[in-house]
Amino acid sequence: MRDLNFEIEKGEFCVIVGPSGAGKTTMMKLLLREEAASSGSLVVSGYNLSKIKNRDIPYYRRELGVVFQDFQLLIDRCVEDNLRFVLKATGWKDKMEIDNRIQEVLDLVGMGTKGYKFPYELSGGEQQRIAIARAILNSPKLILADEPTGNLDSHSGVEVMKILHELHEEGRTVILITHDNDIANEAQRVIRIQDGQIVSDIMNR
């Protein structure tokens, strides 16, 4: 990645699109602070990721809701226990509050009756819905979605995109990384990258 210069405002739905090898994976790693930029400045949600201390990175990541292409669910736990694990890891202690929040997010993504299921009992689209539910457990204002439809059939992909748009309409900022031009064509804003550089930055509205 080189010579990047852009801002994504609060409340935007921005798609970053590009072919394989364009730099999308590197972009995601920079945004998650899995990699540090070698020069310049990268500021997300008030955190300067170019200067952030290692001990503060977990706190920064709690500000984000992250959706991965390969779901990254714990296969040895049911859906509810997957979500319960995240809540406990981020400081929730009250059992009733935890149970209520789990049911709330499952209802939001249309999976309210599937809490007892294990990931291997669910379709790819259903697993991605659970992954979105996990991402919004702590009510993040920013959602990062890395190829969220990449492993799904077209119908499931449409359903997942519908949920992400609904979350955006509730006021969340969404940054979605993809190679799918159909998704880009429906986005509010599209940043196209190629060979590690921005080749266009267009508002579609």
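This passage describes a sheet, a helix that packs on it and a pair of helices in contact, all taken from a predicted model.

The sheet is open and is built from six strands, which follow one another in the order S4-S5-S6-S1-S7-S8 with mixed pairing. Its edges are formed by strand S4 (64-67) and strand S8 (197-203), each of which pairs on one side only. Averaged over the sheet, and with direction ignored, neighbouring strands are turned by 15° against each other. At one edge, S4 runs parallel to strand S5 (residues 142-146), and the two are joined over four bridges; within this pairing, Gly65 has Ile143 of S5 as its bridge partner. Helix H1 (residues 24-31) packs on the sheet, where it touches strand S1 (13-17), S4, S5, strand S6 (173-178) and strand S7 (189-194), and the direction of H1 makes about 150° with that of S6.

A further contact is formed between two helices. The axes of helix H3 (residues 79-89) and helix H4 (residues 95-108) come within 10 Å and cross at roughly 120°; H3 and H4 are therefore oblique to each other. The crossing in which H3 passes H4 is right-handed. On the side of H3, the residues that take part are Val79, Glu80, Leu83, Arg84, Leu87 and Lys88, and these meet Ile98, Asp99, Arg101, Ile102, Val105 and Leu106 of H4. Sorted by class, the contact of H3 with H4 comprises seven nonpolar and five charged residues, with no polar residues.

How values were computed: Residues numbered from 1 in each chain as written. Predicted model: local features only at pLDDT ≥ 70, side-chain atom pairs only at ≥ 80, totals over all residues. Heavy atoms only, no water. Axes fitted to C-alpha atoms, helices over the stretch in contact; angles between N-to-C directions. Parallel < 35°, antiparallel > 145°, perpendicular 65-115°, else oblique. Left-handed = near helix turned anticlockwise from the far one by under 90°. Contact = heavy atoms within 4.5 Å. Nonpolar A, V, L, I, M, F, W, Y, C, P; charged D, E, K, R; others polar. Pairing = 2+ DSSP bridges.
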